[in-house]
Amino acid sequence: MTDTDDLDVIARELDLEHVFHSWSAQAQPSSLVIASGRGCRVWDHSGREYLDFSSQLVNVNIGHQHPTVVEAIREQAELLTTIAPSTVNLARGEAAKRIVGHAPDGFRKVFFTNGGADANENAIRMARLHTGRDKVLSTYRSYHGNTGAAIVSTGDWRRIPNEFARGHVHFFGPYLYRSEFWATTPEQESERALHHLRRVIEAEGPSSIAAVLLESIPGTAGIMLPPPGYLAGVRELCDAHGILLILDEVMAGFGRTGRWFAFDGHDVRPDLITFAKGVNSGYIPTGGVIISDPVAATFDERVFPGGLTYSGHPLAMASIVATLDAMAAEGVVENARAIGENEIGPALAALAEKHDVIGEVRGEGVFWAMELVADRATREPLPAASMGRLKAAMVERGLLPFVQDNRIHVVPPCVVTAGEVAEAVSIYDHVLGTAL
């Protein structure tokens with residue numbers, strides 16, 4: 001056994017002995033060791049390489065170990081590693097300036113957090129304090145994070161053992177492939193989903209609702225692009241009743257859809273924008289809330305009762321500046337859009353023609369899903385055991401997939417090349433044709 005093999009064994013032993021993993025039964029450990037990476041590839045200590053089409057947790061938008069970002073973190077560490085959030089720090093101001101530079105007009109302030117969950121947590125807090133109301137509406141098919149209000153806003157099973165926060169109401173968002181509204185076209189789905197939301201607002205009492213919280217494009221729940229007019233229609237409903245609109249861009253933001261923000265492709269302007277993940281590709285934990293001017297003004301003379309020790313952490317701020325500058329200089333967002341239109345979209349459509357197990361393909365940029373079914377006619381989801389076999393077969397062939405429920409999410413870094421897409425599609429093709 002070589003020294004590098006020893007390191008993989010040691011890593012597994014230490015992990016099994018001492019690490020408590022999220023969203024996991026602890027007696028079912030992973031054996032996958034990742035030691036380093038570059039671009040769209042990672043490898044273990046022994047050098048076994050994997051093509052990362054998960055972007056880890058759909059956050060490594062600029063790719064692994066981008067030298068400019070790594071160098072910016074090193075330089076900041078030599079200058080100042082940490083400082084209290086109440087101080088003025090140049091890196092923090094530069095990061096905020098770059099972030100609001102990609103937001104719509106009328107957004108000048110950023111509240112920095114440690115990640116996406118506490119970004120949503122604090123956006124909810126701002127909305128409640130600004131409006132003087134309590135309730136927050138969010139969809140059943142959603143994920144907003146694992147802190148108190150964020151997890152209860154989440155629409156999937158993970159909220160159920162964690163329902164300790166108050167004032168949360170769920171409704172069904174649009175999802176034409178499995179329509180709750182008997183719709184047959186995107187336009188019908190949009191109209192009927194908006195009617196449903198209107199009735200929920202009326203039934204809950206508009207004057208009790210502080211905010212509607214939506215992922216611009218639901219990510220973990222299935223990469224479900226909103227149908228025409230839906231987000232604009234939600235905005236109209238909010239305006240009619242003095243309700244704030246919070247758009248969660250934690251997963252979809254900063255290049256993932258081939259736009260700086262996913263909502264840029266829709267006729268909608270939110271009141272609060274939450275972000276994390278792609279803003280610095282997760283190199284240092286960070287996130288935040290981009291605050292519209294009217295909401296920010298609420299706290300000009302009134303104390304905002306929230307804060308975090310590591311809000312605006314200098315290392316995170318330096319990584320944001322370097323990431324956003326590199327993405328702009330290198331055309332990373334444009335690459336994501338072109339790769340989605342010219343490579344991923346057509347390739348997945350071809351796979352769907354070939355493999356009956358693919359019920360639907362949907363997405364844009366580098367944000368796609370293949371929804372797998374046991375039967376195309378009934379749309380019965382492919383069972384968990386079959387999904388497990390597919391995932392294991394992809395990893396065995398050197399591809400790190402993002403598998404969620406009955407879906408394979410095709411979510412490589414925004415820097416992915418046409419050649420790497422072809423390589424991944426070849427693996428998807430082989431596994432879908434053999435592993436079941």
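Is aspartate 405 buried or exposed? Aspartate 405 is exposed, at a relative accessible area of 52%, just over the 50% cut-off for that class. The views below come from a predicted model.

**View 1. Arginine 407 and aspartate 405 form a salt bridge.** The closest N and O atoms lie 3.5 Å apart. Aspartate 405 is the exposed partner. Arginine 407, with a relative accessible area of 4%, is buried. Elsewhere, Arg41, Glu49, Glu420 and Glu423 belong to one network, joined by salt bridges that share partners.

**View 2. A salt bridge joins arginine 362 and glutamate 371.** Their side chains meet at 2.8 Å, N to O. Arginine 362 has 9% relative accessibility and counts as buried. Glutamate 371 is also buried, with a relative accessible area of 1%. This pair is one of 24 salt bridges in the structure.

**View 3. Arginine 376 pairs with aspartate 356.** The closest N and O atoms of this salt bridge are 3.6 Å apart. The pair links distant parts of the chain, 20 residues apart. Arginine 376 sits in the loop between β12 (367-375) and β13 (380-381). Aspartate 356 sits in the loop between α11 (332-354) and β11 (358-364). Arginine 376 is partly exposed, at 37% relative accessibility. Aspartate 356 is exposed, with a relative accessible area of 55%.

**View 4. Helix α7 covers residues 186-204.** At 1.5 Å a residue, its 19 residues should span 27 Å. The end C-alpha atoms are 27 Å apart, so the expected span and the model agree. Just after α7, glycine 205 adopts a positive phi of about 95°.

**View 5. Helix α7 has a buried side.** Glu189, Ser190, Ala193, Leu194, Leu197, Val200 and Ile201 are buried. They occupy an arc of only 125° around the axis, and therefore lie on the same side of α7. An α-helix has 3.6 residues a turn, so residues three or four places apart point the same way. The cover over the buried residues of α7 includes β5 (135-139), β6 (168-171), β7 (209-215) and α8 (230-241). Glu191 and Ala203 are exposed, on the face of α7 turned away from the buried side.

**View 6. Leu7, Ile10 and Leu14 make a nonpolar surface patch.** The patch has an area of about 260 Å². Leucine 7 lies in helix α1 (residues 3-18). With a relative accessible area of 42%, leucine 7 is partly exposed.

Methods
Residues are numbered from 1 along each chain as its sequence is written. This is a predicted model: local features need pLDDT of at least 70, side-chain atom pairs count only at pLDDT 80 or more; totals for chains, interfaces and linings use all residues. Side-chain values use heavy atoms; hydrogens and water are left out. Helices (H or I, at least four residues) and strands (E, at least two) are DSSP runs, numbered from the N terminus. The expected span of a helix is 1.5 Å times one less than its number of residues. Buried means under 20% relative accessible area, exposed over 50%, partly exposed in between (1.4 Å probe, protein chains only). The arc is that of the directions from the helix axis to the C-beta atoms. Contact means heavy atoms within 4.5 Å. Patches are made of residues with over 30% relative accessible area and no salt bridge: like charges are joined within 9 Å, nonpolar side chains (Val, Leu, Ile, Met, Phe, Trp, Tyr) within 5 Å. Accessible areas come from the Shrake-Rupley method with a 1.4 Å probe; for residues, only the protein chains shown count as cover. A salt bridge is a side-chain nitrogen of Lys or Arg within 4 Å of a carboxyl oxygen of Asp or Glu.
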